[in-house]
Amino acid sequence: MRDHTDVIIIGAGLAGLTAAKVLKSAGKTIKILEASDHVGGRVRTEEVDGFLLDKGFQVLLTAYPETRRFLDYSALDLRKFDPGALILNKNGITKIGDPLRQPGALIGTLLSSAGTFKDKIRMLALKIKLARKSIDRIFLEHQSSTLAYLIDAGFSEQMISQFFKPFMTGIFLEDKLSTSSRMFEFVFKMFSEGDAAIPASGMGMIPLQLAKGLSSEEITFHERANCIDGNIVKTSSGSMYKANHILIATDQLNLPQPFHQAVKSYHSVTNMYFTSSTEPYKMPLIALNSLPGKLVNNMAVMNQISGNYSKNGNSLISLSLIGDVPFKGAKLQAKVIREMQCWFPQAVHWNHLKTYDIPYALPNDDQVSDEPAYQTTKLSPHCFVCGDYLMNGSINAAMKSGRLAAEAIIDSAR
């Protein structure tokens, strides 16, 4: 039996690391058991041939309340995307901007073929409406699908298909826009009130910052928790750890026994990286593929946002393919290149660097909340659970769930 601690945390993702910070600040002794060789869970950056690759295209929305609470943005050296997007359509490439934040984008946005003039006015009205609406109120609203919400708001089919569908698909990782309208309002509000950004040295710097201050005695890697028996954790290595409380901070597919259960619905993504000696485009913008039947949903040239992503200055191109992709390997690479040549003829010269197949990238968000019910977070007198799937699929929810679980443990120990 390993040394007794106040709290064992299973999983070193954003939820577990946030919980660890809160528990340590309250004077609790902790032990984190992490099955892999790194912190961060689904938020990870690795270096390949001088390029920084985030495992799955992700951004930090700087307006998130929990990231503002726990992260030092200055230390992360955040690099911002420009507001708006490039729209890749059958007529070529058009740009839609955010005139409220970039007045110079007004004329180009009004002339963009991504939507009608009335659509652009409705977009501004939506931003103003959500600016006046609190997050608490958003998560108390009736839930419909995002698609139904956009139709009810009066947006044209053109605007939905050209902008909202590829943009929100890249965030929600599902292309039916069945995700809760609460989630749409929350995310759209966050985009409107802050920046979409990445740390200069990759998204993996976020969990590394959260883990700063953890000693080698407080985290053990390559230690998978198989079973929880009362206040004892049994691992695949045959070790047993005892604590006053146990906090499960894994994703919903990896809950240890006796709490493991089948999960029927979640969202997948394939993230492909290519390099090029030429620049597909020079703006720090996301590009959205609006064509029906597409493979690639969205694209970003990562070194246009942060030069650290490419040591030799060549372009690092990130492509996101949503859901189950029917092709693999060289066949997939060839089909993706052929598709991107519609707008970037030089894509024939792009070099494939790496592909990440991520079966579980986000939980199903057809129904969401901003705070889990207490009965869902306390599994037994000794055992608590946290994770974004208890609320909504976001960095904000992962960190908030970790904070709330840690506070519940602290309260229960009083």
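**Reading a predicted model, feature by feature**

Biologist: In which element does H267 have its place?

Modeller: H267 sits in strand β14, which covers residues 266-276, and we should keep in mind throughout that this is a predicted model.

Biologist: Is H267 buried or exposed, and how do I read that?

Modeller: The general idea is to look at the relative accessible area, where a value under 20% means buried. H267 has a relative accessibility of 10%, and therefore it counts as buried.

Biologist: With which residues is H267 in contact, leaving aside its neighbours within four places in sequence?

Modeller: With that restriction, the contacts of H267 include F172, L173 and E174, and also residues from P359 through Y360, A361, L362, P363 and N364 to D365.

Biologist: Where is L147, and how does one read its accessibility?

Modeller: L147 belongs to helix α7, residues 146-152. Its relative accessible area is 31%, and because partly exposed covers the range between under 20% and over 50%, L147 is partly exposed.

Biologist: How many residues apart in sequence are L147 and L177, and how many Å apart in space?

Modeller: These two leucines are 30 residues apart in sequence, while their C-alpha atoms are 5.2 Å apart in space. L177 is also one of the contacts of L147 once neighbours within four places in sequence are left aside, together with I160 and K176.

Biologist: What can be said about the second largest pocket, and which residues lie nearest its centre?

Modeller: For a pocket, one can ask about its space and then about its lining. The second largest pocket holds about 510 Å³ of space, and its lining is made of 25 residues, with S290, L291, P292, G293 and K294 nearest the centre. The lining divides into 8 nonpolar, 10 polar and 7 charged residues.

Biologist: Which element gives the largest share of that lining?

Modeller: Helix α8 does, with 7 residues, and both α8 (157-172) and β17 (315-322) supply at least two residues each.

Biologist: What does the radius of gyration say about the whole protein?

Modeller: One compares the value with that expected for a compact globule, which for 414 residues would be near 22 Å; the protein has 22 Å, so the two agree. Its C-alpha atoms fill a box of roughly 65 × 45 × 40 Å along the principal axes, and the chain forms 14 helices and 19 strands.

Biologist: What share of the residues is buried?

Modeller: Buried residues make up 56% of the 414, and the protein exposes about 17500 Å², of which carbon and sulfur atoms supply 51%.

Note on methods:
Residues are numbered from 1 along each chain as its sequence is written. This is a predicted model: local features need pLDDT of at least 70, side-chain atom pairs count only at pLDDT 80 or more; totals for chains, interfaces and linings use all residues. Side-chain values use heavy atoms; hydrogens and water are left out. Helices (H or I, at least four residues) and strands (E, at least two) are DSSP runs, numbered from the N terminus. Buried means under 20% relative accessible area, exposed over 50%, partly exposed in between (1.4 Å probe, protein chains only). Contact means heavy atoms within 4.5 Å. On a 1 Å grid over the protein atoms alone, a cavity is a set of points where a 1.4 Å probe fits but cannot get out, and a pocket is an open set with protein on both sides within 12 Å along at least five of seven lines; lining residues have an atom within 4 Å of a point. Grid points are joined across faces, edges and corners, and a volume is the space filled by probe spheres set on the points. Ala, Val, Leu, Ile, Met, Phe, Trp, Tyr, Cys and Pro count as nonpolar, Asp, Glu, Lys and Arg as charged, and the others, Gly among them, as polar. The radius of gyration is taken over C-alpha atoms; the globule rule is 2.2 Å times the number of residues to the power 0.38. Accessible areas come from the Shrake-Rupley method with a 1.4 Å probe; for residues, only the protein chains shown count as cover.
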